[in-house]
Every structure is written in structure tokens, then in C-alpha cells.
Amino acid sequence: MTHRYRVYGLGIASEVELPEFAASPDRSGLTADVTMVMEDAVPVPPCDERPRLDKDEHGVTLTVHGVARYRVEGGGRVTVNPDPMATARSVRLFLLGSVIGIICHQRGLLPLHAGAVLIDGRAVAFCGHSGIGKSTLVSQMVARGHRMLCDDICVLSFSDREGPVAWPGPPSARLWRDAVEQLGHDCRELAGVMDDRDKYYLPFGPAVAGGPFPFRRLYMIRDGRDEDTPAFTRLTGVEAIQTVRAETYRKAYLEPMGLLGDNVTHALNLVQQVPAYAMHRRRGYDVLSEEIDMLERHLAQT
């Protein structure tokens, strides 16, 4: 059976069911930009690095020990050989993450490790290192009435007419238990992200229709703020470019794929057209509402 999805502006026809993606309501009319094929299970032995990416003239192979071997060609075809001992959830985890990142790179898109919301019909994205609170911030902004555009991966494309634009992702956030409970939800009613982690998918209604949306602002979340630290600092020049490059999703794959130059071009194009700011914030749910107030005022004033 073939399952059909539309996510990040791509029509996906997959033999692997991906419940984390919202199924396309018009399955028969969906054009498949990406095809995912499940082949025979094969043992995936240990490799020098985990995971490992190998490139040849036709595409790349991502090998994840104990999970699967993923073959990605031309940004349009994915072949999956799962390990016999792997769970379906672990196989999907890398399809939804690393493989999507590879597809985007092969198609000339810029995936950022960021979450984003829509404000006045334009995308505002939040990046930062893992655990900094991107998904929590986005989820709390959605609870305030903003629309979720994406979580974890924010996919951008560029056009001469529209400039940088952002594409809708799955309508859910990946949150740890404490963040889920802070929003008033029961983790027992939610699907887990990983087999051995206390992290869950929290859905936020139907996916955003339409798109892409103009990309308005990029915030780099940083820990720590006191009376002497400004809440927001404009990033310009080399610092802004380095921030975009550092927050490129699966940036470690760019060099073996021969795409470092493309990433520099994308980063330069983005910072020339979209303001980027460092957002210095305090930790803790008790100050989160205040932090969002501060963010909304900054967006309105700038």
C-alpha cells in the first residue's frame, strides 16, 4: 500500500506509513516529488561513525547501525533496508529527520534546525542548539494563538520574485514530558518520538494550508540574560552567515555530499534579505510568558 503526504512543499508517496505526517486529503491527485520504497530487511553492521554517510555518483547511503540503511538519490527516491531487529518507530525517526534533510540538500533547499510560527502571514523562525527550548517556545506561542508552521526542521527555498520563503511542516511539536505537562496534556495519550526517550509528539490541529510563506525573521536563541544583557542583538555580516550555516539541518552531511558551497550561497542570500537576531532568554516556565511578551513587542517594533 502506498501512503501519500504533502509536507515541506513536497508530495511524498511512501510504502512506509508515516503517521507523524498528515495524510494528504486528496491522495489520488497528489504528485509524488519523493518516492519512499521499503525493501528486504538486512542486518546493518556497526560502522566507524554512527550514522555514516557514503556518496557515489548516483546518490548517498545513510547507514544507521541497528536501524536501517537508507539510499537517497536525486532528492526524489529513497530506498529503505531496515535491520531485522529495528522497530518501526526507529526506522521512521531517521526517515522523518536525517533523510528529509538529505532530500532537501539534494533538491537545493535550505533546511534549518529550527521551529517556526506564522505571524501576520509571515514566517518567524527560532533556531539554537538541541535542548535550548525551540519547540517549547514555539508550542507556547501556538497556545497564544499563533499558527505553527513547523518544528525541528524549517525548510526554506529562494526565488528572485519572492525572496526566502518557508514551507509548512508536520503540525506537531516534539516535546519532553515536562513541556507536554506544562501545556496541560497527558503523555499517555501521545505517540513517543523515540523508543528509549521520554519525548512525545504533541499535535496542533491540521497542517497549515497553502504556502510557501514569506520568511520574515530569524531568531537565534541563546541562554542567559541579566540586567546588563540586551534581550535582542542584531546579527550582521560574517556572524549572521555563520549562524545560518551552523543551524543548517544535518550540516555534517554537506561536505561529503559536496554541497558546502551551496550552503554558503544560501546563508548569504538569507542574511541579505532577512533580519537575524540573537535572542537572550532566561530559562524556566515561570518566565516563559514574559519572554514571549518581550518577543512580540520586538516583532511589532522592528
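Student: What makes Tyr219 count as buried?

Tutor: In this predicted model, Tyr219 has a relative accessibility of 0%. Buried means under 20%, so Tyr219 gets that label.

Student: And why is Phe126 called buried?

Tutor: The reasoning runs the same way: Phe126 has a relative accessible area of 0%, and the cut-off is under 20%, so Phe126 is buried.

Student: How many aromatic pairs are there in the structure?

Tutor: It holds 5 aromatic pairs. One of them is Phe126 with Tyr219.

Student: Why is the pair of Phe126 and Tyr219 called stacked?

Tutor: Take the distance, then the angle. The ring centres are 5.7 Å apart, and a pair needs them within 6.5 Å. The planes meet at 15°, and under 30 degrees counts as stacked. So this pair is stacked.

Student: What makes this a link between distant parts of the chain?

Tutor: Phe126 sits in strand E10 and Tyr219 in strand E16, 93 residues apart. Ring pairs also tie these two into a cluster with Phe232 and Tyr277.

Student: How do you know that strand E2 is mostly covered?

Tutor: Of its 5 residues, 5 are buried. On one side these are Leu10, Ile12 and Ser14, and on the other Gly11 and Ala13.

Student: Why do they split between two sides like that?

Tutor: In a regular strand, side chains alternate between the two faces of the sheet.

Student: How do you know that E2 pairs with E1?

Tutor: Pairing takes at least two bridges, and 5 join E1 to E2, so the antiparallel strands qualify. One bridge matches Arg6 with Gly11.

Key: Residues numbered from 1 in each chain as written. Predicted model: local features only at pLDDT ≥ 70, side-chain atom pairs only at ≥ 80, totals over all residues. Heavy atoms only, no water. Phe/Tyr/Trp six-rings, centres within 6.5 Å; stacked < 30°, edge-to-face > 60°. Helix = DSSP H or I, 4+ residues; strand = E, 2+ residues; numbered from the N terminus. Buried < 20%, exposed > 50% of the residue type's maximum accessible area, 1.4 Å probe, protein only.
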